[in-house]
Amino acid sequence: MTSQYRIRADFDDRTLVVYQAYSPAVADAALRAGRFTAPFSFTRMTWIKPSFLWLMHRSNWARKPGQTRVLAVRITRDGWEEALTRGRLTTGDPAALAEAAVHVQWDPERSLRGAPLNHYSIQVGVGRGLIRAYADDWVTGITDITAKARRIADLVGAGRTAQAKQLLPPERSYPLPAAVGRHLGVDS
């Protein structure tokens, strides 16, 4: 695949930030505990996204019912890469996907106004067999960024996109091990 399929994320030497949107009950419990706990569901796939703007599109800037709280979840790079290594593309063989611990899909990245762009953003579905590892071992911190997300949306709505852009997380190209990149069609 071309550079249109490149993981863009906020990361450091040890960790990477993924975004998720939840109900207040799930978000509050996670923030109190510093990790995911009930009522977070450990029995169904959870989707993690390193693209802030894609999650804003998906959650309608934290205004979609059940997705009114946006969390920045810092996870280990080892966990992230384990998920990608175990992942199968949703566009691949249906039998392999049915058996996969992790589902991976590429969707058009979004602009500040929600328009599709000409490059793709990765979504990673962590399956039931790995959710405990995600919640208990990979997560190193959880931050509520709902107010920031809504502030950016308000600035965009007011036509102040330059100010809105200054508040966006610093996402850059993530350097995957070559074998993982080939497996997912990602340029490293």
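Colleague: Why does D28 count as partly exposed?

Modeller: D28 sits at 30% relative accessibility, and partly exposed covers what lies between buried (under 20% relative accessible area) and exposed (over 50%), with a 1.4 Å probe and protein chains only. So D28 is partly exposed. Keep in mind that this is a predicted model, where local features need pLDDT of at least 70, side-chain atom pairs count only at pLDDT 80 or more, and totals for chains, interfaces and linings use all residues. Residues are numbered from 1 along each chain as its sequence is written, and side-chain values use heavy atoms, with hydrogens and water left out.

Colleague: And what makes R69 buried?

Modeller: R69 has a relative accessible area of 16%, so the under 20% rule makes R69 buried.

Colleague: How do you know that D28 forms a salt bridge with R69?

Modeller: The term asks for a side-chain nitrogen of Lys or Arg within 4 Å of a carboxyl oxygen of Asp or Glu. The closest N and O atoms of D28 and R69 are 2.8 Å apart, so the pair fits. D28 belongs to helix α1 and R69 to strand β4, so parts 41 residues apart in sequence are tied together. Helices (H or I, at least four residues) and strands (E, at least two) are DSSP runs, numbered from the N terminus.

Colleague: Why is R35 with D136 called a salt bridge?

Modeller: Their N to O distance is 3.3 Å, so the 4 Å rule is met.

Colleague: What makes W61 buried?

Modeller: W61 has a relative accessible area of 11%, so W61 is buried.
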